Amino acid sequence: MKKTSTTPRKQASQSGAAPAHAFDTRPAASAIVGIGASAGGLEALELFLSGVPADSGMALIVVQHLDPEHKNIMVELLQRGTSMPVVEISDRLRVEPNHMYVIPPNRDLSILHGVLHLLEPAEPRGLRLPIDYFLRSLAADQQANSIAVILSGMGSDGSLGSRAIKESGGAVFVQDPESAKFDGMPRSAIEAGLADVIAPANELASRILDYRRHAPLPLSPPELSLSDADGSALEKIVVILRAQSGHDFSFYKKTTLYRRIERRMGLHQLASIADYVRYVRENPHETQLLFKELLIGVTSFFRDPPVWEQIEADVIPAMLAAHPQGAALRAWTPACSTGEEAYSLAIAFRETLERLKPESRFTLQIFATDLDSDAIDRARAGEFPGTIASEVSEARLRRYFVQHNGGFRVAKEIRDMITFAPQNLVMDPPFTRLDLLTCRNLLIYLEADLQKKLMPLFHYSLRPGGLLVLGSAETVGAASDLFAAWPGKTRIYQRRESSPRTEPVDFPASIYGRARKGLAVQVPSAGAAQTGSASVQNMIDSLLQQRFSPAAVLTTDKGDIIYISGKTGKYLEPPVGKANLNIFAMAREGLSGALNEVFARVVREQGSQLLKGLRVGGNDGALTVNVEVHSLQEPAPLSGMVLIVFFDQPAARAKTSRKGQLAGAEAERMDAMAQEMQQSRGELQRAREEMQTSQEELKSTNEELQSTNEELQSTNEELTTSKEEMQSMNEELQTVNHELSAKLDELSQASDDMKNLLNSTDIATLFLDEQMCVRRFTNRITGIFKLIPGDAGRPITDLVSTLNYPALAEDAREVLNSLVFREVQVSAPDGRWFTVRIMPYRTQDNRIDGVVITFIDISSSKTLERALRLSDERFRIAIEHAPLTVFSQDHELRYTWVHNLQPQLRSGDAIGKTDADLLPPDDAARLTRLKRQALDQGLSVHTETTALLHGTMHYYDFYAEPARDHAGAIIGVSGMAWEITEQKPSRRATMPAPLSASRAWRGKSRSKSAPSRVSGNCWNIR
């Protein structure tokens, strides 16, 4: 077995261990492939199986959309195309290599430690996403060893599951939409940027096998150790990425970079990272693909529900409570990907406002940024697939989304709350004056050094008391002096209003190693971070004057000293080595242990403790001290800090026994010496006091100079901070301008499309606002109203119309009030006719904003109508004044129209009846036979016939011919009968005029392909 190692490793056992990041050139034996298919999936599965060998080493798990009430025969159908065993999944079935498993109907499927589990579906009918459900489970169970295959199917099921596979380091193979019978599922995965390989179904299996042969061996992160050559190659890739994308990935964790690169190497079947460097340089498109690979967004709507529950229950109410008079709140969501996190925050804010109903007015402006400009474009569109129904409740979908193109689009009220913009978090200026900053699941991909630099930046961006939300695997780390953690398991932190830190904040320019040259901005001091003019010094001095007078120190809840009052040298001393202002490090012998014991208890219980009679070592020997430790709750800027006060206790004086009386001169000498000594001591004391006074004056002068220096430094910091704020504000204005420019381009394009659409319809259209003033019109309207572009805004009543329609304005107002459209036909003096239709103008949010009036020219139709009516009238007059019977019957010889059948019978009474219903039996039989002959033979019948009416024989010249539709099919019979009783004696000599007329009529009828229809009393053959 050939192996290519990128770094040497020690032998782990007698048999040896695989080198780190080696690539196995044989197929892996434990690959589990999740296959999603829907409509048209059987054909795609058969094509896929045609490329899978029986000993591939893979386990194939097929998840389809199946009817829950029908028997599944998929196992039998698939077994015909493969020699692998095909099994319908049962509960607690262990997955084996070289097997194919098929999900049963009406079940959801999950996997745990290689064992399949069946679950009852939450929704038996309706929208179910079984493919997403299983692929998510597969990603969580198999991690980087998971593979997803998306085949033919409708909808977008599988996209969310494919995203989970990618997040876990697996691979996604998608059928080429051009070869899929239904391209909905493949196209959804491709458009989401999740497809690693796109190929026809019959080629996917071989591509998977190639990928598995070159897949990296699974190693845990601690085993990652790059050789010098590999480290150099990795740096070269970072340089290439920076040169082509403009973004530096050197601060990304090396494990993250290398795992992503390994996936690309496996897809391209490259054995070493050096080969991949050459491939990237020869194929610039691969750089873009790797860039996208590194930016896979781990996001979804309301991800981690417990976090969102606390945001709605605690975070947003706290933001509202901080501004009783109402405010325009600001939030920032860096690394927002396609916008789900930002939209979730906007929805949560809306729901909280509706629940709390505050009296003051609050708004929330959300800035959502990401490194990926394509993801930002998708976020701006606000369109998501139908699969988000598994993440967003039905009530929220109805309230905050509208259905669009088979998916969902964010409602306008939510979209308007968010400004999207591309931004590099560590290169571009941050947003400032924020009330909330949500940065979840980004820090875990960054090196620890960069995380440490970002925490002060987040602290700077937030307002005092602002909130920071991190991911479940992220913390503020060593920045606990900048942020206080909220109770609970969620990673929510509040900005501390003062901090002992004095080092400058690394703004984006300095994070990337640029020369500072005055760009580094110092963190605002404790005094500058608080509202009002009171500083920490003034507040603590005031507090001490009210309650205490001895020496004291103010610390954080971690023991870091913020302020010192009085002389504390007897109790504290700087430690040896690196400077450390922690109270536990500076406490003298005898004080440290006891102080450490009660400090944590005071912080936890938020109370006070008194330590009595502590023996503290000093320069002049042991010192007896009482120490009080207080957890401060007020004033508000000092809340959460600890005040430690020291009280000296007088030492007990040792009683000395009086010595005996000295005799004589010796006693006097001793008294003189004692007096001189006492005098010397007084002089020495006065000298010491004078020297102490001088020292105090010098110290006071020095403090004044230090104060002046601090004021100058503070002024410099404020100027620098103002500069950064102006820079951030300029960036925000540019972002808003970019957003408005994009919207303007979209509106301009939509306006052009609408104008061309309206003009192409060739229909005169007039748009009026609620005040009946002209808003817009098409070119055709100028033939009715003498309008020019400058007439926009003029009332309709001021315009002169060529129509005979004086009630136009009144009807338009009526439609605007009643919301019921109106349609009338009106004429013009020049003979033209128009159909005028007046309809309400509805906006996208279903608001009435005027009326739309269309004028359709129907002059041609009116001309034809008049001609047809005139022809009808002439025909009616002709047949009413002649002894003529005209009729039309359907295929069953039921009358559809008849004229003058019998003198005593009205034409309308004969409709729907046959001759047998209306005539004597003999006459009816004779006429029926003649008409049936015309129907059956498809020929005209012309003969002379008789009828007995009221005991008198009447003679008729009878003519009938088949009636045909436009396709030539016979649909009935039409004809006429002319009474010739009076002309019967002279008939042999000459042909009577009626007969000649009938033959002329017959010839005229035959010259037509098929008589169509006539209204009124005219001929009607159907």
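**Exercise 1. The largest cavity**

Determine how many residues line the largest cavity of this predicted model, and which of them lie nearest its centre.

*Solution.* The lining of the largest cavity consists of 37 residues, and those nearest its centre are Tyr252, Leu295, Ala335, Asp370 and Leu442; the model itself is a predicted one. The next step is the volume, which for the largest cavity is about 640 Å³, and the count of cavities of 30 Å³ or more comes to 1. Turning to the secondary structure, at least two lining residues of the largest cavity are supplied by each of α8 (254-268), α10 and β14 (362-370). Sorted by class, the lining of this cavity holds 18 nonpolar, 12 polar and 7 charged residues.

**Exercise 2. Two helices, α9 and α10**

Work out whether α9 is roughly parallel or roughly perpendicular to α10, and identify the residues through which the two helices make their contact.

*Solution.* Start from the geometry: the axes of helix α9 (residues 273-282) and helix α10 (residues 284-294) come within 5 Å and cross at roughly 110°. Because angles of 65 to 115 degrees count as roughly perpendicular, α9 is therefore roughly perpendicular to α10. On the α9 side the contact is made by Tyr276, Tyr279, Val280 and Glu282, while α10 contributes Pro284, Glu286, Thr287 and Leu290. By class, this contact of α9 with α10 has 5 nonpolar, 1 polar and 2 charged residues.

**Exercise 3. A sheet, and the helices α3 and α4**

Establish the strand order of the open sheet that contains β6, β8 and β9, then find which strands of the sheet helix α3 touches.

*Solution.* The 3 strands of this open sheet follow the order β6-β9-β8, and their pairing is antiparallel. The edge strands, each of which pairs on one side only, are β6 (93-94) and β8 (108-112). Between β6 and strand β9 (residues 115-119), which run antiparallel, there are 2 bridges, and Arg94 has Val115 of β9 as its bridge partner. Helix α3 (residues 130-142) packs on this sheet and touches β8 and β9, with its direction at about 0° to that of β8.

The second step follows α3 to its neighbouring contact: α3 and helix α4 (residues 159-167) pack at an angle of about 10°, and their axes are 7 Å apart. Since angles under 35 degrees count as roughly parallel, α3 is roughly parallel to α4. The contact involves Asp132, Leu135, Arg136, Leu138 and Ala139 of α3, together with Ser159, Leu160, Gly161, Ser162, Ala164 and Ile165 of α4. These contact residues divide into 6 nonpolar, 3 polar and 2 charged.

**Exercise 4. The sheet of β15, β16 and β17**

Identify the edge strands of the open sheet formed by β15, β17 and β16, and state which residue of β17 stands opposite Phe401.

*Solution.* The 3 strands form an open sheet in the order β15-β17-β16, with antiparallel pairing. The edge strands are β15 (383-384) and β16, each pairing on one side only. The antiparallel strands β16 and β17 are joined by 4 bridges, and Phe401 stands opposite Val410 in β17.

**Exercise 5. The second largest pocket**

Give the volume of the second largest pocket, and decide which element supplies the largest share of its lining.

*Solution.* The volume of the second largest pocket is about 1200 Å³. Its lining has 28 residues, among which Arg409, Lys412, Glu746, Leu747 and Gln844 are the closest to the centre. The elements that each supply at least two lining residues are α13 (373-381), α14 (394-400), β16 (401-404), β17 (407-410), α15 (412-415) and α21 (664-760). The largest share, 8 residues, comes from α21. By class, the lining of the second largest pocket divides into 10 nonpolar, 6 polar and 12 charged residues. The strands β16 and β17 from the preceding exercise thus reappear here, each supplying at least two residues of this lining.

Notes
Residues numbered from 1 in each chain as written. Predicted model: local features only at pLDDT ≥ 70, side-chain atom pairs only at ≥ 80, totals over all residues. Heavy atoms only, no water. 1 Å grid on protein atoms, 1.4 Å probe; cavity = no way out; pocket = protein on both sides within 12 Å on 5 of 7 lines; lining within 4 Å. Points joined across faces, edges and corners; volume = space filled by probe spheres on them. Nonpolar A, V, L, I, M, F, W, Y, C, P; charged D, E, K, R; others polar. Axes fitted to C-alpha atoms, helices over the stretch in contact; angles between N-to-C directions. Parallel < 35°, antiparallel > 145°, perpendicular 65-115°, else oblique. Contact = heavy atoms within 4.5 Å. Pairing = 2+ DSSP bridges.
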